[in-house]
Amino acid sequence: MLTFLVILIIIFLSIQVFPVALGINVAGKAGKAIILIIVLSIVQVGSYWLGLVVGDSFMHLMDGFRGAVFFIGFLLIGIRMLMETFNIRKGERTYSIDTFGHVALASLAQGINTFLAGLLFYYLKIDQLFTIIILFVLTVIVAIVGIVIKPGKLTFAFASLLYAIGGLIMLISAVYISFFIL
């Protein structure tokens, strides 16, 4: 069950690049699209990896509070994702971007949740390399889909729905893992 929840968390962390990818204008340039997809994916995976490294460095100091720390962390991730659903639905969370720096900054802003999840995964006995690979592959797929699909009401509603489901998954994971596993 824990492996299933971790994979679900990774799936919905990768979904975070979807609103950013929706706003990327590649104007038919395949090379530019590939580079921007790689930038989106590397920033997400880098944020996650940094969270894992920082978690290994100092999260042992909070071992006595691990259930509370995990619960509060994933509760915050879930609430943040749920709050963003309304902005995404209105089209306010998508960006009209076409430079590498803007894509990297927007992806870094979305990577905060991914960093926090990596930080909190210190408390779970998981295969870190496996989760990094899954996150990278899924982020690449989501970024490709986001760039290919044109922004519109339906795509904003779809992105909003994915964020809402992701927020609920984070909340459920916070409760289940904190109270029944840790």
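F121 counts as buried in this predicted model, because its relative accessibility is 1%, and the cut-off for burial is under 20%. What I would like you to notice alongside that value is where F121 sits, since the residue belongs to the loop between α5, which covers 100-120, and α6, which covers 128-148. Which residues does F121 touch, once those up to four places away in sequence are set aside? The list runs to V6, I9, I10, Y48, L52, F74 and I126. As a marker of distance, the C-alpha atoms of F121 and L162 are separated by 22 Å, with the two positions 41 residues apart along the chain.

Let me step back to the whole chain before returning to single residues. The secondary structure of the protein consists of seven helices and zero strands, so that, read along the sequence, the pattern is α-α-α-α-α-α-α. How does the radius of gyration compare with that of a compact globule? For 182 residues such a globule would have a value near 16 Å, and the protein, at 16 Å, agrees with that expectation. Taken along the principal axes, the C-alpha atoms fill a box of roughly 50 × 30 × 25 Å.

Of the 182 residues, 46% are buried, and the accessible surface comes to about 8800 Å², with 76% of it belonging to carbon and sulfur atoms. If we take the contacts with a separation of 6 or more, residues 24 or more positions apart account for 92% of them. On the charges, there are 10 positive and 6 negative ones, and their mean positions lie 11 Å apart.

Back to individual positions, and staying with helix α5, we come to T114. T114 is buried, with a relative accessible area of 0%. Its contacts, leaving aside neighbours within four places in sequence, are L13, Q16, Q44, S47, Y48 and L135. Y48 thus appears in the contact list of T114 and also in that of F121.

Helix α3, residues 30-58, holds S41. Is S41 buried or exposed? S41 is buried, because its relative accessible area is 0%. The side chain of S41 has a polar atom that lies 3.5 Å from the backbone nitrogen of V140, and V140 also features among the residues that S41 touches, together with F136 and T139, when residues up to four places away in sequence are not counted.

The next position is G166, in helix α7, which spans residues 153-181. G166 likewise counts as buried, at 0% relative accessibility. Setting aside residues up to four places away in sequence, G166 touches F12 and M81. D63, by comparison, lies 103 residues from G166 in sequence, and the two are 27 Å apart in space, C-alpha to C-alpha.

In helix α4, residues 66-90, I would point to V69. The C-alpha atoms of V69 and A174 are separated by 9.8 Å, although these positions lie 105 residues apart along the chain. With neighbours within four places in sequence left aside, V69 is in contact with M59, M62, L120 and Y123.

That brings me to L182, which lies in the segment after α7. L182 is partly exposed, because its relative accessible area of 29% falls between the limits of 20% and 50%. Which residues does L182 contact, leaving aside its neighbours within four places in sequence? They are R66, G67, F70, Y123, L124 and I177, and Y123 is a residue that we have just met in the list for V69. L182 and F71 are 111 residues apart in sequence and 10.0 Å apart in space, C-alpha to C-alpha.

To close, I would set two positions side by side: F121, in a loop between two helices, is buried at 1%, whereas L182, in the segment after α7, is partly exposed at 29%.

How values were computed: Residues numbered from 1 in each chain as written. Predicted model: local features only at pLDDT ≥ 70, side-chain atom pairs only at ≥ 80, totals over all residues. Heavy atoms only, no water. Helix = DSSP H or I, 4+ residues; strand = E, 2+ residues; numbered from the N terminus. Rg over C-alpha atoms; globule rule 2.2 N^0.38 Å. Buried < 20%, exposed > 50% of the residue type's maximum accessible area, 1.4 Å probe, protein only. Contact = heavy atoms within 4.5 Å. Areas by Shrake-Rupley, 256 points an atom, 1.4 Å probe, with all protein chains shown as cover. Lys, Arg positive; Asp, Glu negative; His and termini not counted. Charge placed at Lys NZ, Arg CZ, Asp CG, Glu CD. Polar contact = N/O pair within 3.5 Å; in protein donor to acceptor, adjacent residues only side chain to side chain.
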